[in-house]
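Open your viewer and get ready to select a few pieces one after another. At each stop you will hear what to pick and what is there.

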Amino acid sequence: MKRTKIIDILQSKDYGTEVTVCGWVRTHRSSKAVDFIALNDGSTIKNVQVVVDPEKVDAELLKQVTTGACVKATGILVESPAQGQASEVQCQSLELLGACGADYPMQKKGQTFEYMRQHAHMRLRTNTFGAVMRIRHNMAMAIHTYFHEHGFYYFHTPLITASDCEGAGNMFQVTTKNLYDLKKDEQGKIIYDDDFFGEQTSLTVSGQLEGELGATALGAIYTFGPTFRAENSNTPRHLAEFWMIEPEIAFLDQEELMDLEEDFIKYCVRWALDNCKDDLEFLNKMIDKTLIERLEGVLKDSFVRLPYTEGINILQEAIKNGKKFEFPCNWGDDLASEHERYLVEEHFKKPVIMTDYPRAFKSFYMKQNQDTADGGSVGYKGAVAPGPTMQGTDVLFPQIGEIIGGSVREESYEKLMGEIERRQMDQTHLWWYIDTRRFGTCPHAGFGLGFERLILFVTGMQNIRDVIPFPRTPKSAEF
Ligand code: 4AD
Ligand code: MG
């Protein structure tokens, strides 16, 4: 079917030539013996106006050109007399490709996002979701381009795995077993010998452990794929299936890791400003009036680099001055999103890279800081912490909270093993990972960026369910 995309029609100056446009009807109105059809084909947020002389088109057909219907229009491209659009199509022939029933769920404007989630199969046709999906695509292109240009190899890690990278046990199991007839041993434990993989397997929570194998062979890799977490957190920031980007780099230290995190995220934001102007302007107008300002703001300043211990001091100081938090934040506590947002949005008013977290709530693979004789440790730029810390480096963003989780990895075999034993972790499925520390170990580091959290930030959307086409959350796997 020969047709011109609306994005190209709207940029064309070939007035007087014949064009064919196809798309879905946004609106159809009649005025002074002329019909105006606003058509959108998803190539841009903008519609093309098709001007129809009702005398020249079958009246029955024209009646079926309702919101949501799919039509093909052929006509002459002309300069538009109307404000806000350069060109329009003077229709010569109109074809109805698909009529649209009156029960079309996206009929009315201004539906709530909650309503649209229940009709997620059709919400992609709305202006907002069109804009979000085009930006999502652009961010994926930015990410691949960034890493390709910086010499990283796109590395594919498995989705089905027998190891739990984060050690949090939030994994979805993968099995072909009949769940109603499970064989169990004397202790009541399930026997997996006759299962598909002959052992217990799950969907991955992170490709990092395999990513480290890639980095310690190829120098620098990144993954970009789906990740699964069976955490029962019903928040606007959590999905059970989300996409993660995980670069992993050999011979990179803590300072360089933070440089990379900052440079990479700024590159993505700049890409959005440079390549998604129309969609951002739409979202800035309709969803969040400070969106573009906030995106530009992130590019202006350097991110703050803040040891966890200093962060706790700032939060304690705030509490002394009357600030109320729901959750405690004493040294050793995992920060809640309210604490992260206080530091980023109220105290510093810019993104923060937090470093040197207490060992107690971070993962086993992180590089351990030097312990002091009195039970403390020495971390980033010689800062002293009252307890053992690890070189975790998370990026905290306005509106979002944690957008990146990263760390320098513990390269010492002895220290890594010490930590695995201290945590009483099951080593059966980690032998290949531990081997990296036995055969030519090297300093290395990496991070994971939650793709949907980046999209939340770049679009100004409020709920993570609205930046992925088909969200998976507790009790919800429709579409
Ligand atoms: O902080 P996390 O758990 O780190 C890791 O998985 C590391 N293995 C990454 C690495 O160093 N290679 O997750 C990384 C990021 C978080 O900062 C957040 O942006 C996102 O993944 N994330 C989620 N996004 C949506 N829904 C969830 N349930 C998420 N859990 C984590
Ligand atoms: Mg994290």
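Before we start, one word you will need: contact means that heavy atoms lie within 4.5 Å. Keep in mind, too, that this is a predicted model.

**Stop 1: two helices that meet**

Select helix 9, residues 291-300, together with helix 14, residues 451-459. On the helix 9 side, show L291, R294, L295 and V298; they meet F457, V458 and T459 of helix 14. The axes of the two helices are 8 Å apart, and the packing angle is about 120 degrees. Now colour this contact by residue type: you should find 5 nonpolar residues, 1 polar and 1 charged. To see how such residues can line up, remember that an α-helix has 3.6 residues a turn, so residues three or four places apart point the same way.

**Stop 2: a closed barrel**

Next, find the closed barrel of 5 strands, which runs in the order 1-2-3-5-4 with mixed pairing. On average, neighbouring strands here are turned by 55 degrees against each other, if direction is ignored. Zoom in on strand 1 (residues 18-31) and strand 4 (residues 70-79), which pair in the antiparallel sense over 7 bridges. One place to look is V21, which stands opposite A73 in strand 4.

**Stop 3: the cores**

Now select V50. Which residues is V50 in contact with, leaving aside its neighbours within four places in sequence? They are V21, D35, F36, I37, L39, A73, V89 and C91. V50 also belongs to the largest nonpolar core, a set of 89 residues, where V50, L94, M139, L280 and I403 have the most contacts. Apart from this core lies another one of 17 residues, including C329, L343, V344 and Y357. As a rule, nonpolar side chains in soluble globular proteins tend to be buried together.

**Stop 4: a covered strand**

Move to strand 13, residues 352-358, where 7 of its 7 residues are buried. Strand 13 pairs with strand 12 (residues 304-307) in the parallel sense over 4 bridges, and with strand 17 (residues 389-397) in the antiparallel sense over 6 bridges. Highlight I353 to see both partnerships: I353 is the bridge partner of R305, and it stands opposite V395 in strand 17.

Stay in strand 13 and pick T355. Is T355 buried or exposed? T355 counts as buried because its relative accessible area is 0%, below the 20% cut-off. Not counting residues up to four places away in sequence, T355 touches Q254, M258, L306, P307, Y308, Y380, G392 and T393.

**Stop 5: a tyrosine in a helix**

Select Y146, which you will find in helix 5, residues 127-149. Y146 is buried, with a relative accessible area of 1%. Beyond residues up to four places away in sequence, Y146 touches L260, D263, F264 and Y267. Then try your distance tool: the C-alpha atoms of Y146 and S407 are separated by 20 Å, while the two residues are 261 residues apart along the chain.

**Stop 6: helix 13**

Finish with helix 13, residues 431-438, and show its buried residues Y433, I434, D435, T436 and R437. What covers the buried residues of helix 13? The cover includes helix 6 (208-218), helix 12 (413-422) and strand 19 (444-450). Just after helix 13 comes G440, with a positive phi near 65 degrees.

Key. Residues numbered from 1 in each chain as written. Chains lettered and ligands numbered in written order. Predicted model: local features only at pLDDT ≥ 70, side-chain atom pairs only at ≥ 80, totals over all residues. Heavy atoms only, no water. Buried < 20%, exposed > 50% of the residue type's maximum accessible area, 1.4 Å probe, protein only. Pairing = 2+ DSSP bridges. Core = buried A, V, L, I, M, F, W, Y, C linked by side-chain atoms within 4.5 Å. Axes fitted to C-alpha atoms, helices over the stretch in contact; angles between N-to-C directions. Nonpolar A, V, L, I, M, F, W, Y, C, P; charged D, E, K, R; others polar.
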